[in-house]
Amino acid sequence: MTEFENNQVENGNESMEAALDNFQEVNVGDIVKGEVLAIEDKQAIVGIEGAGVEGVVPAKELSTLPVEDINEVVKVGDVLELVVISAIGKDKENGSYLLSKRRLDAKKVWEDIEKDFQAGKIIEAPVTNVVKGGLVVDVGVRGFVPASMVEDHFVADFEDYKGKTLTFKIVEIEPSENRLILSHKAVVEAEKEKQKEALLADLYEGQEIEGKVARLTDFGAFVDLGGIDGLVHVSEISHAHVGKPSDVLSVGDTVNVRVLSVDPNKERVSLSIKDTLPGPWSNIEEQAPVGSVLDGVVKRLTSFGAFVEVFPGVEGLIHISQISHKHIATPHEVLHEGDQVQVKVLEVNPTDHRIALSIKALEKAEEAEEAPAEDDYELPEESTGFTMGDILGDALKDNDEE
């Protein structure tokens with residue numbers, strides 16, 4: 001062999017050694033790039049860049065989502081970032097290494113989820129399945145929502161949630177066990193708390209607002225104002241007496257209420273339905289003009305007369321002198337609480353919420369069995385010389401003070 005030929009051989013050997021030296025070694029766990037050379041039997045054959053060897057990526061290892069048609073996921077010529085799962089025997093036809101894109105993608109997803117978890121970030125994901133005990137969602141990896149963490153109220157059937165995209169708070173994460181626990185309930189509660197704070201800041205005494213009856217109790221009704229419940233005490237439901245809130249209200253009723261007070265610190269709001277309704281005294285002169293005859297119920301008896309309810313929330317006074325033509329020492333002699341009576345309106349004072357009534361004016365005076373003595377006789381009613389102020393003034397004043 002000539003010296004030239006020897007040099008050629010030596011140079012060729014050096015070039016081959018140099019080329020072999022440039023090939024990187026491939027180990028399990030390495031992240032490599034591979035160009036798709038062919039798609040065969042639901043797997044992609046790739047050439048690992050810089051290694052001079054081929055690898056196989058099964059369809060299930062191409063995506064974190066189920067792959068029905070591999071051709072929709074990858075095409076010849078695509079360059080993929082892959083992780084080496086294992087080495088395949090040298091005698092295998094389709095390559096020397098088993099590779100996965102799915103596991104590398106999942107690793108990145110877990111890293112991102114871990115960051116979101118540390119930051120307390122709210123994430124969004126679709127519900128892919130409903131299983132016993134909760135919901136399965138896809139956030140790039142499988143997440144699970146226990147039934148108790150779906151809503152802030154009881155849900156009997158979760159089928160309607162399948163396919164919906166919801167927001168979630170990350171409750172627990174453990175990548176090594178593929179464990180990801182999410183809560184939609186926590187997001188709902190946080191949103192409601194924000195709404196409540198905003199609403200409390202906007203409410204003010206005297207404000208009229210619409211709400212819905214949320215709950216009824218013996219002492220009142222709780223009305224939902226759109227994020228916070230306010231209490232309408234039973235005494236604030238109507239101008240008329242209400243025994244139980246359920247007698248006049250039902251859950252779900254839409255009502256107008258007036259804000260009586262707001263305590264942001266205790267998150268308490270007092271409301272009144274009564275204050276939004278026309279007062280019973282607003283048109284009393286039309287309902288009970290002087291001289292009209294009304295039906296009423298005796299509500300209270302005092303030493304100076306009887307209080308009779310003639311309209312819901314409207315009571316008038318029958319002074320003891322207007323109960324009977326006969327002399328009586330106390331109203332209790334002829335009247336009892338709960339008695340149904342007919343009365344005549346003598347005087348109406350809307351400003352002071354006072355009505356003077358009379359039973360005597362509707363009854364005929366019985367003829368005296370004996371003629372009255374010359375200095376002992378009763379003047380006709382219209383000639384007594386007493387005004388309504390004289391008859392009712394002190395009595396009504398005392399009653400108001402009570």
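## Exercises on a predicted model

Phe-304 is buried, its relative accessible area being 14%. The model is a predicted one.

**Exercise 1.** Find the aromatic partner of Phe-304 and classify the geometry of the pair.

Solution. Step 1: the whole structure holds 3 aromatic pairs. One of them joins Phe-304 to Phe-307, with 6.2 Å from centre to centre and 85 degrees between the planes.
Step 2: planes over 60 degrees apart count as edge-to-face, and the pair of Phe-304 and Phe-307 is edge-to-face.
Step 3: Phe-307 is buried because its relative accessible area is 3%, and the cut-off for buried is under 20%.
Step 4: the ring of Phe-307 also has the charged end of Arg-300 over it, 4.4 Å from the ring centre.

**Exercise 2.** State which residue lies over the face of Phe-222, and at what distance from the ring centre.

Solution. The residue is Arg-215, at 4.1 Å from the ring centre of Phe-222.

**Exercise 3.** Give the strand order of the barrel and describe how E16 is joined to E19.

Solution. Step 1: the barrel closes from 5 strands in the order E16-E17-E18-E20-E19, with mixed pairing. From one strand to the next, the twist averages 50 degrees.
Step 2: strand E16 covers residues 293–301 and strand E19 covers residues 340–349; the two run antiparallel and are joined by 5 bridges.
Step 3: for Asp-295, the bridge partner in E19 is Gln-342.

**Exercise 4.** Work out which elements the salt bridge between Lys-108 and Glu-81 ties together, and whether its two residues are buried or partly exposed.

Solution. Step 1: the count of salt bridges comes to 10. In one of them, the side chains of Lys-108 and Glu-81 meet at 2.9 Å, N to O.
Step 2: Lys-108 belongs to helix H2 (residues 102–119) and Glu-81 to strand E4 (residues 79–87), so the pair ties together parts 27 residues apart in sequence.
Step 3: Lys-108 has a relative accessible area of 37% and is partly exposed. Glu-81, at 35%, is partly exposed.

**Exercise 5.** Locate the salt bridge between Lys-299 and Glu-309 in the strands, and give the exposure of each residue.

Solution. Step 1: the side chains of Lys-299 and Glu-309 meet at 3.7 Å, N to O.
Step 2: Lys-299 is in strand E16 and Glu-309 in strand E17 (residues 305–311), 10 residues apart.
Step 3: Lys-299 is partly exposed at 34% relative accessible area; Glu-309 is partly exposed at 22%.
Step 4: elsewhere, Glu-61, Arg-102 and Arg-103 are joined into one network by salt bridges that share partners.

Definitions and conventions. Residues are numbered from 1 along each chain as its sequence is written. This is a predicted model: local features need pLDDT of at least 70, side-chain atom pairs count only at pLDDT 80 or more; totals for chains, interfaces and linings use all residues. Side-chain values use heavy atoms; hydrogens and water are left out. Two strands pair if DSSP finds at least two bridges between them. Helices (H or I, at least four residues) and strands (E, at least two) are DSSP runs, numbered from the N terminus. Axes are lines fitted to C-alpha atoms, for helices over the stretch in contact, and angles run from 0 to 180 degrees between N-to-C directions. Rings of Phe, Tyr and Trp (its six-membered ring) pair if their centres lie within 6.5 Å; planes under 30 degrees apart count as stacked, over 60 as edge-to-face and the rest as tilted. Buried means under 20% relative accessible area, exposed over 50%, partly exposed in between (1.4 Å probe, protein chains only). A charge sits over a ring if NZ of Lys or CZ of Arg is within 6 Å of the ring centre and within 35 degrees of the ring normal. A salt bridge is a side-chain nitrogen of Lys or Arg within 4 Å of a carboxyl oxygen of Asp or Glu.
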